[in-house]
Amino acid sequence: MAIDMGDIRQKFQEKQYKLTPQRKIILEAFVDHQDEHLSAEDVHTIVRQHSSEIGLATVYRTLELFSELEVLQKMDFGDGRSRYEINEKTTPHHHHHLICLTCNKVKEFEDDLLETLETVISRKSNFLIVDHQVKFYGYCQECQKKSEG
């Protein structure tokens, strides 16, 4: 998924924020690692390779701002660290996440099997559902093999 920089610039202008070089570098980390769910520490490690003057506090503040502006989606996988990914506005129902309890690896599961359930819940409760998040916790294939051997 490509990031629309024009859309992001507009969001920043509307809220009277500047898209600084540091913010662009942090955003680039998500473009380069689209299949990953990055924590602030992950982002800091990535951006330090390009720009050593960006501190961890700057990364934290920028991630919160990007989340507030809906550029990134903030997620909690129960491991005590917030993780972020590009906010995919084009897909109203996001993918689901498979979270390994041993190595904390996060995989995405694309099939949305909840649409029928959502329709039933919406109809029975007279509630307009606009989104949902599902997290499955278990053990990835690699960790299952390690525990067998």
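Colleague: Where is the place of asparagine 126?

Modeller: Keep in mind that this is a predicted model. Asparagine 126 has phi near 55 degrees, a positive value in a residue other than glycine. As for its place, asparagine 126 sits in the loop between helix H5 (115-125) and strand E5 (135-138).

Colleague: And is asparagine 126 buried or exposed?

Modeller: The cut-off for exposed is over 50% relative accessible area. Asparagine 126 has a relative accessible area of 74%, so the label is exposed.

Colleague: Which other residue, just after H4, takes a positive phi?

Modeller: Look in the loop between H4 and E1. The residue there is partly exposed, with a relative accessible area of 41%. Its phi is near 65 degrees, and it isn't a glycine. Just after H4, the residue with that positive phi is glutamate 70.

Colleague: Let's stay with H4. How does its reach from first C-alpha to last sit against what's expected at 1.5 Å a residue?

Modeller: H4 has 13 residues. The expected span takes 1.5 Å times one less than the number of residues, which for H4 comes to 18 Å. The reach in the model is close to that, at 18 Å.

Colleague: At what angle do the axes of H2 and H4 cross?

Modeller: Two packed helices are described by the angle between their axes and the distance between the axes. For helix H2 (residues 21-32) and helix H4 (residues 56-68), the axes come within 10 Å. H2 is roughly perpendicular to H4, with the crossing at roughly 70 degrees.

Colleague: Which residues of H2 make that contact, and what is the mix by class?

Modeller: On the H4 side you have Thr58, Val59, Thr62, Leu63, Leu65 and Phe66. On the H2 side the contact is made by Arg23, Ile26, Leu27 and Phe30. By class, the H2 contact with H4 comes to seven nonpolar, two polar and one charged residues.

Colleague: Which residues of H4 are buried, and what covers them?

Modeller: The buried residues of H4 are Val59, Thr62, Leu63, Leu65, Phe66 and Ser67. The cover over them includes helix H1 (5-14), H2, helix H3 (40-48), strand E1 (72-76) and strand E2 (82-86).

Colleague: Tyrosine 60 is in H4 too. What does tyrosine 60 touch, not counting residues up to four places away in sequence?

Modeller: At 38% relative accessibility, tyrosine 60 counts as partly exposed. Tyrosine 60 and serine 39 are 21 residues apart in sequence, yet their C-alpha atoms are 9.2 Å apart in space. Leaving out those sequence neighbours, tyrosine 60 touches Ala40 and Glu41.

Colleague: On to charges. How many salt bridges does the structure hold?

Modeller: Side chains of opposite charge can pair when their charged atoms come close. One of the pairs here is aspartate 42 with arginine 81, at 3.9 Å, N to O. The total for the structure is four.

Colleague: How far apart in sequence are the parts tied together by aspartate 42 and arginine 81?

Modeller: Aspartate 42 is partly exposed at 26% relative accessibility, and arginine 81 is partly exposed too, at 32%. Aspartate 42 lies in helix H3 and arginine 81 in the loop between E1 and E2, so the parts they tie together are separated in sequence by 39 residues.

Colleague: Which residues are linked with Asp42 in a network of salt bridges?

Modeller: Aspartate 42 also meets arginine 83 in a salt bridge, at 3.9 Å, N to O. Arginine 83 lies in strand E2, so this pair ties together parts that are 41 residues apart in sequence. Arginine 83 is buried, with a relative accessible area of 8%. The residues networked with Asp42 are Arg81 and Arg83.

Colleague: Which residue pairs with lysine 74 in a salt bridge?

Modeller: Lysine 74 is in strand E1 and its partner is in helix H4, ten residues apart. Lysine 74 is partly exposed at 36% relative accessible area, and the partner counts as partly exposed at 36%. The side chains meet at 2.8 Å, N to O, and the partner is glutamate 64.

Colleague: Last one: how far apart in space are glutamate 115 and histidine 132?

Modeller: Glutamate 115 is found in helix H5 and counts as partly exposed at 43% relative accessibility. Glutamate 115 and histidine 132 are 17 residues apart in sequence, and their C-alpha to C-alpha distance is 9.9 Å.

How values were computed:
Residues numbered from 1 in each chain as written. Predicted model: local features only at pLDDT ≥ 70, side-chain atom pairs only at ≥ 80, totals over all residues. Heavy atoms only, no water. Axes fitted to C-alpha atoms, helices over the stretch in contact; angles between N-to-C directions. Helix = DSSP H or I, 4+ residues; strand = E, 2+ residues; numbered from the N terminus. Parallel < 35°, antiparallel > 145°, perpendicular 65-115°, else oblique. Contact = heavy atoms within 4.5 Å. Nonpolar A, V, L, I, M, F, W, Y, C, P; charged D, E, K, R; others polar. Buried < 20%, exposed > 50% of the residue type's maximum accessible area, 1.4 Å probe, protein only.
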